[in-house]
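Trainee: I would like to look closely at one part of this model rather than skim the whole. Please take me through that part slowly, and explain each term as it comes up.

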Amino acid sequence: MAVETLPPKAGGAGLGSGRGRILSSLRHNPLGITGGIMLVAVVLAGLLAPLLAPYSPSEVHFDTPFQRPLTEGFPLGTDDLGRDILSRLLFGIQTSLQVGVLSVLLAVVIGTPLGLLAGYSRGFDAVISRLTDVTLAFPFLIIAVGLAAISGPSLGNAAIALGIAQIPTMIRVVRGETLRIKESDFVLGARTMDASPTWIMLRHVLPNATSAIIVQATVIMPVAVIGEALLSFLGLGIQPPTPSLGIMLSDAQQYIFRAPSAAIFPGIAIALICLAFNLFGDALRDAFDPTNTTRK
Amino acid sequence: MGRYLLTRLWQSVVTLVLASLVVFIGVRQLPGDPALAMAGEEATPEQLAAVRADMGLDQPLVTQYLAFVRNTFSGDFGESTRTGTPVTELIATTLPVTLWLSAYAIVVAIVIGILFGVIAERFRGRWPEWVANAFALVGLSVPNFWLGILAILYLAVTLGWFPASGYVDVLSDPLRGLYYLTLPALILGTGLAAVIMRQTRASMIETMTTDYVRTARAKGLGRGRVLVRYGLRNSLIVVVTIVGLQLGGLISGAVVTERIFALPGFGKLTLDAVFTRDYPVIQAVVLIITVSYILINLAVDILYSVVNPKIRVGGAN
C-alpha cells in the first residue's frame with residue numbers, strides 16, 4: 001500500500017506523480033475494470049433514480065399486487081402493495097449509497113486527524129488507542145441499538161453508528177502510514193528546515209497517506225451498505241416510507257412464498273454494490289502498491 | 001510474557017471502566033423520566049420525590065455510578081418494565097440459544113474456511129481454487145441475512161432438508177437441537193468462513209515459500225504432508241486472530257439470524273427491548289455484550305501470545 005517516497009518538493013503531490021503508473025495498472029486489471037464499470041453503473045443508478053424509475057417508489061397499485069417480473073409496466077414485478085419493485089430498488093440503491101457515503105465521511109473526517117496525531121506523537125497515541133479500544137468494545141449493532149433507543153431509528157443514526165464503528169480501523173490505517181512516512185528522508189529534511197509538526201503533517205504526511213485512506217474508504221463502503229440494509233431489515237435504520245433495500249427484504253420475507261422474486265432483487269442489488277466496491281478497492285490497492293509493478 | 005500480560009490486563013480494565021461509563025451516561029440520555037414511569041402519571045410531586053429517592057436518582061452521579069457497578073457485579077439488572085420479569089431471568093433463558101448458535105457457527109466457519117483455504121492452495125491455478133475464491137467473494141459481498149432468506153426458501157421449504165424456523169433446547173435433545181440450528185449456523189458462519197478461507201490461503205502461500213518448507217520438501221516430504229504439518233499449524237494462529245476480530249460481526253450477525261429463523265435468543269430480546277423502550281433490558285444487554293466482547297478479546301490476545309512466540313518477546317508494543 002506504500003506510495004514511493006517522494007522528494008520534498010513533490011511532497012504535496014502524493015497521487016500526482018504516480019498517476020500514470022496507477023492508471024495503467026488499473027487498466028490492465030480485468031477484475032478492477034469490471035469493478036469500476038459496476039461501480040459507475042451502481043452510482044449512476046442511485047443518482048439518476050428519479051429519472052430512471054418508472055414510478056414513484058411509494059406509489060401503490062392495489063389492483064396489481066404480487067406481479068411477476070417482466071409483467072407489462074412492471075419490469076421486476078410488484079410487491080404486496082403493488083408498488084413497482086424496480087423503482088423501489090433504484091431509490092433503495094440511492095439510500096444505501098447515501099448512508100455509505102455519510103459513514104465513510106464520518107470515519108475519514110474523525111479518523112484521519114486522530115490517526116495523524118497518534119502516529120506523530122506518543123502522548124496522543126496512548127490516549128487515542130484507549131479511545132479506540134472503547135469504541136471497539138461496542139459492536140456496531142450495539143451502537144445502533146443505543147442510538148435508536150436514545151433518539152429513534154433513522155437514516156442519520158444508522159450512518160452515525162456505521163461511521164463510528166469504522167473510525168478505529170481508519171485511525172489504525174492513518175497511524176500506520178504516518179509512522180512510516182515520518183521516518184522518510186523528506187520529512188527529516190523538512191524538520192531540519194524547522195518546519196512545524198502541523199506543517200509536516202498536513203503538507204508532507206497527509207498527501208502521502210491519501211492513497212491508503214482512499215483504499216480504506218473502498219473497504220468501508222460495502223461494510224456500510226450491508227450494515228444499512230441489516231439495520232433497516234431489523235427496523236433500526238431507515239424508516240418507511242423511505243425506500244431501503246433492507247426494508248424491501250424484510251417486507252419480502254413476510255410474503256416470500258407468494259412472490260419470491262421480491263426477496264431476490266434487493267439482495268442482488270446489495271451484493272452488486274458490495275462486489276463493485278470490493279473488486280475496485282482490490283484493484284486500487286494493487287495499483288497504489290509500487291512493489292506490484294510486475295502485475296499484468 | 002508476564003509484562004505483556006500485565007499491560008494487556010491493565011488495558012482491558014481501563015477499557016471496561018470507560019465502556020461502563022459510556023453505557024451509564026448513555027442510559028441517562030434515554031428519553032423519559034424513569035421515576036415518572038415507575039410512579040405513574042398521576043403521582044404527586046411528593047410521591048415522585050419518594051420514588052426518585054428510592055431509586056437513588058437524587059444521589060450525586062458518582063454515587064449512582066458506583067451503585068450501578070455494584071448492581072452489575074451482583075448480577076442485579078432490575079426488572080423489565082414491560083413484563084416485570086427480572087432481567088437476569090430473561091437473560092438466562094435467551095443467552096444459551098445465542099451461545100449455541102454462535103459456537104456452532106464458529107465451528108462451521110473454521111471447518112469450511114480451512115478446508116477451502118487448503119483446497120485453494122493445493123490446487124492453485126486450477127478449478128478448485130476458482131470455486132473456493134468465488135465462495136470467498138460471495139461470502140464477503142452477499143449479506144448473510146439475504147442468504148438466510150434464500151436458504152429458507154430453497155433448502156427449508158422447497159427441498160425440505162431443514163426446518164424453516166423454531167428452536168429445540170440443545171441440552172435436552174442434542175440431535176434435534178443441533179438439527180434445528182444447522183441452517184442458522186451455516187448462514188451465520190458463511191461470512192466468517194470466507195474471511196478465514198482468504199487468510200488461511202494467504203498464510204499457506206507464505207508458509208509454503210519459506211526456506212524450512214523447501215528444506216522439508218528437499219528431504220523428500222510430500223507436498224500434502226508439508227501442507228498439513230507446517231501450513232495448517234501456522235494458519236491456526238491466523239484463525240485464532242480472525243475469530244477474535246470477527247466476534248463483533250458475529251454478534252450482529254446472530255441478532256439478524258435469530259430474527260430470520262425466529263430463534264428465541266439474545267438478539268430477539270435486544271430487538272424487543274428497543275421497540276418497546278424496555279430500558280433496564282437494553283442497559284443489561286448492551287453491558288453484557290460489551291463486557292463479554294472485551295473479555296473475549298483479552299482471552300484471544302492471551303491465547304495468541306501463547307501460540308505465537310513473536311508477540312511474547314516483543315513485549316507490550
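Mentor: What follows is a close look at chain B, from its overall build to a few of its loops.

This is a predicted model, in which local features need pLDDT of at least 70 and side-chain atom pairs count only at pLDDT 80 or more, while totals for chains, interfaces and linings use all residues. Residues are numbered from 1 along each chain as its sequence is written, and chains are lettered from A and ligands numbered from 1 in the order in which they are written.

We can begin with the build of the chain. Chain B has 14 helices and zero strands, where helices (H or I, at least four residues) and strands (E, at least two) are DSSP runs, numbered from the N terminus. Its pattern along the sequence is accordingly α-α-α-α-α-α-α-α-α-α-α-α-α-α, and its C-alpha atoms fill a box of roughly 85 × 55 × 35 Å along the principal axes. Of the 317 residues of chain B, 35% are buried; a residue is called buried if 20 or more other C-beta atoms lie within 10 Å of its own, exposed if 12 or fewer, and partly exposed in between, with the C-beta atoms placed from the backbone. Among the contacts in chain B with a separation of 6 or more, 72% join residues 24 or more positions apart, a contact being a pair of residues whose C-beta atoms, placed from the backbone, lie within 7 Å.

The next topic is the side that meets the partner chain. Here 34 residues of chain B are in contact with 34 residues of chain A. On the chain B side, helix 1 (2-28), helix 6 (127-141), helix 7 (144-158), helix 11 (247-261), helix 12 (266-275) and helix 13 (279-307) each supply at least two residues, and helix 1 of chain B gives the most, with seven. By class, this side has 24 nonpolar, nine polar and one charged residues, if we count Ala, Val, Leu, Ile, Met, Phe, Trp, Tyr, Cys and Pro as nonpolar, Asp, Glu, Lys and Arg as charged, and the others, Gly among them, as polar.

Helix 6 of chain B deserves a pause. It has 15 residues and reaches 21 Å from its first C-alpha to its last, close to the 21 Å expected, the expected span being 1.5 Å times one less than the number of residues. Its buried residues are B:A132, B:A136, B:G139, B:L140 and B:S141, and what covers them comes from both chains, including helix 9 and helix 11 (261-288) of chain A as well as helix 5 (87-122) and helix 8 of chain B.

The largest nonpolar core has 163 residues, and B:L101 and B:I196 are among those that touch the most other members; such a core is a set of buried Ala, Val, Leu, Ile, Met, Phe, Trp, Tyr and Cys residues joined through C-beta atoms within 7 Å. Beyond its neighbours within four places in sequence, B:L101 has contacts that include B:L181, B:L188, B:A254 and B:L263.

Now for the loops. B:D169 sits in the loop between helix 7 and helix 8 (174-208) of chain B, and counts as partly exposed because 13 other C-beta atoms lie within 10 Å. B:L171 lies in the loop between helix 7 and helix 8 as well, but counts as exposed because it has 8 other C-beta atoms within 10 Å. The C-alpha atoms of B:L171 and B:W100 are 9.9 Å apart, although 71 residues separate them in sequence. In the loop between helix 11 and helix 12 of chain B we find B:A262, whose phi is near 55 degrees, a positive value in a residue other than glycine.

Finally, consider confidence. The mean pLDDT of chain B is 81, with 95% of its residues at 70 or more, pLDDT being the predictor's confidence in each residue, from 0 to 100. Among the elements of chain B, helix 5 has the highest mean (88) and helix 14 (residues 309-314) the lowest (55); over residues 313-317 the pLDDT is below 50, and this stretch has five contacts beyond near neighbours in sequence. For the complex, the predictor gives an ipTM of 0.77 and a pTM of 0.81.

Technical notes. Contact = placed C-beta atoms within 7 Å.
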